[in-house]
Amino acid sequence: MDAPEEPLPPVIYTMENKPIVTCAGDQNLFTSIYPTLSQQLPREPMEWRRSYGRAPKMIHLESNFVQFKEELLPKEGNKALLTFPFLHIYWTECCDTEVYKATVKDDLTKWQNVLKAHSSVDWLIVVVENDAKKKNKTNILPRTSIVDKIRNDFCNKQSDRCVVLTDPLKDSSRTQESWNTFLTKLRTLLLMSFTKNLGKFEDDMRTLREKRTEPGWSFCEYFMVQEELAFVFEMLQQFEDALVQYDELDALFSQYVVNFGAGDGANWLTFFCQPVKSWNGLILRKPIDMEKRELIQRQEATLLDLRSYLFARQCTLLLFLQRPWEVAQRALELLHSCVQELKLLEVSVPPGALDCWVFLSCLEVLQRIEGCCDRAQMDSNIAHTVGLWSYATEKLKALGYLCGLVSEKGPDSEDLNRTVDLLAGLGAERPETANTAQSPYKKLKEALSSVEAFEKHYLDLSHATIEMYTSIGRIRSAKFVGKDLAEFYMRKKSPQKAESYLQGALKNYLAEGWALPITHTRKQLAECQKHLGQIENYLQTSSLLAGDHHLTEEERTYFCQEILNFASQHTDSPGHKVVLPMHSFAHLRDLRFTPANAVVHVGGVLSVEITVCSQMPIPVRVEQITISVHFSVEKNSYRKTAEWLTKHKTSNGIINFPAETLPFPASQNSLPALELYEMFERSPSDNSLNTTGIICKNVHMLLRRQESGAALDSPSGVALEDGPHVLQCGDVTLAPGANTVTFRTQAKEPGTYTLRQLCASAGPVCFVLPHLYPLAQYDVYSQEPQLHVEPLADSLLAGIPQKVKFTVTTGHYTVKNGDSLQLSNVEAMPVLCHAENRAVIYSNAREKASEASLRVQSSDKVTSISLPAAPAYHVIEFELEVLSLPSAPATAGESSALGVTEAQRKHKDTPKAGHCMATTDHKVRRGWDCSACGGGLRSSCLF
């Protein structure tokens, strides 16, 4: 029986792997030539043309020359390209025909028979010519005879497979030419063999991949095949092509996991669903992790094992490609995706195990990148690595909470047992990091060893992460880490340290308009302020949260009740007021005046009705709602008579207030669009173009200052106005939603009253709206009694009785029974007395109040009219007949009277023909002197 074949030693996968070339024949000859051959072969690049239209590449070929053995030839089904001999070379320096016939020919025949038996057609015979041997042998045939014999015996149709190398150890032009010819042939044959075998391997690999839908297909088996291809590309230093192979494996596996989560699972995925028992993180300090590779080959790897090995290989290739920052980016994506894949595959993971794995992996990637970059490069590329720092900080915090290292009392026995289990899952520290002082393993083990050590490591990581985020302008991310730090300080009962981080985060969120983070941060801030005893700040934050619709009704009610509890418990200290902004408590929607024109006389009653929309989740009883009023008397107040005010005031009496704006600036999407225009500046001499540019026409809109939203959570600083003029309404219950509150006041002093400040008081708590905008004003006027006389026709005709309308405005005077209006008669226009004259009394709003009869008594000089009783600020209207007699125009002196306001009407002289009729046409008015018993009545006669 044949002796059993000795197993081949395992292939050591390293970056030193090279294509294998076997050497048969004279081994001593090859040994002498090998140093020169190994140096000369990779010196010149070769163009490698690949199939499927892929771009050609220039590669430098290197080879691993080994002694020929039949065991090295590939067997059927062997897919290992790294152990595949791509070329077989037979070396000889035989110059003697007899020796050739006796030994060399038979040896060559056996060599070729072995190659044919294994279907290997990639071979080369090298005949080395040595001048020294030719001088020693005189009967030697010419060298062409030996070469010809070899070509005739073994290279009938492939004469180029036999080459001659002349004096390879000499330094001569002939030797160099011989070397060049040999090396060109060697490179060509090696590249041809490589292309042919690699193409066949790729075809077989594609065939295997296309069978992935068949039962029994194994991803692990396919993984080993495609990785073999990646090894070959790596061996040729084609790192980009090698990386593509691993990326394809990554994408294929990820797609299967996604399909599994959607209910379309492959059978082989069950191998990766086994519980996680080890979580020692990524291993990136050696090119190939053979331990994990063997687990994959035996189909015993967990999901974390496969992902760790796959990323380690990608990392190695990326570092060879000098792309360390892509390593950081890919690592962050990997860590997040692994967390999701474990959930999709429903893999059993002990609590905290995944946090340990992520933490160790983050630090391992960071240290691996630091090992191949200097400090300047690291500082200038913080944007690529800060995500890993942040993720490591987050996972360390989670481990601290899980192991009881953040609680006030420290870890209990259950926490300690959990910590021991987590550390056991890390296993022993790997040899490559055993001598590293700050290895990820040592850091994690130390951080979980005690409360003090955890606090030190967590604070160091947090502050470093915040500093990095701030340095690259990612303020929002820095504030988010600060929020976690504030939560840590709150757990440690240090609210004074937490407050600054929470305020900073809140200010940033308000400025950018993030509604949900604002709500969450305010909740944390409220807890912090409560612990610090900042009553006013706490009540203000509570009012904002009570009106925040992002919270549940239960949460909003809690914060509202906190305010009401404080208000009810501190009613015994009326001197101390807590002033809170109104916008969080309620919104003033509209205001309505009655009368509608907001004009009232002294002593009149004005009502102000406001609609307040409460934002509280429950009804809130307030002791009183007040509106402070600013009183002013303008310099031109003499103009503000009832007629002037009525004419110049709006009549609807409703003022709508704008909806409450969001407590943060508008987002960038709401900004106006850029209005850009081209600008050209030309030379005035030759009209050549000097400068060109772009002008933004609406820069004032884009760069205008935005109000900081942080002021909404800072102490309000609103001062309560305490003046003599106040509208108030007591004991009001504001239900959620719209509420109507009515104020009534009696006018006392004439002037303008401006509503300034709205305040709702519940005990010592005052919700204040400091300014009402648009302006809300009402006017109070005081008016002297007046008489207004005007004809009913445009012109008075002389000699014909015609009616004249008398309007008495009582003003502040109350007309009593017995008061009369006396007119001094003018000879040219006597008043005609009738038995029945009626007067109508109107209110100031022109509403008919009553009607009464008039008694008119006339003598030669005086006409007396008895006025009916009328209240103040009413109007008495009546009509009387007068007769205008033709006469010469009266002089100005004749028509003047005390306290009479003149209103001139000018007419052109237009004589009319008729029977003793003429139109009165006067340059100055003609009328009566008037007086009233009991009041200083002014008259105004408009004819």
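Me: In this predicted model, is Asp 160 buried, partly exposed or exposed?
Reply: The relative accessible area of Asp 160 comes to 38%. Since buried means under 20% and exposed means over 50%, this residue falls between the two cut-offs, and Asp 160 is therefore partly exposed.

Me: Which residue does the side chain of Asp 160 meet in a salt bridge, and where does that partner lie?
Reply: The salt bridge has an N to O distance of 3.1 Å, and the side chain that meets Asp 160 is that of Lys 185. The pair links distant parts of the chain, 25 residues apart, with Asp 160 in the loop between helix H4 (143–154) and strand S7 (162–166). The partner, Lys 185, lies in helix H5 (residues 173–210).

Me: How many residues apart in sequence are the parts that Lys 803 and Glu 879 tie together?
Reply: Lys 803 forms a salt bridge with Glu 879, with the closest N and O atoms 4.0 Å apart. Because Lys 803 belongs to strand S23 (residues 801–809) and Glu 879 to strand S29 (residues 875–883), the parts that the pair ties together are separated in sequence by 76 residues.

Me: Lys 805 forms a salt bridge with Glu 877; which residue of the pair is buried?
Reply: The closest N and O atoms of this pair are 3.8 Å apart, and the link runs from strand S23 to strand S29, across 72 residues. Lys 805, at 22% relative accessibility, counts as partly exposed. With a relative accessible area of 13%, the buried residue is Glu 877.

Note on methods. Residues are numbered from 1 along each chain as its sequence is written. This is a predicted model: local features need pLDDT of at least 70, side-chain atom pairs count only at pLDDT 80 or more; totals for chains, interfaces and linings use all residues. Side-chain values use heavy atoms; hydrogens and water are left out. Helices (H or I, at least four residues) and strands (E, at least two) are DSSP runs, numbered from the N terminus. Buried means under 20% relative accessible area, exposed over 50%, partly exposed in between (1.4 Å probe, protein chains only).
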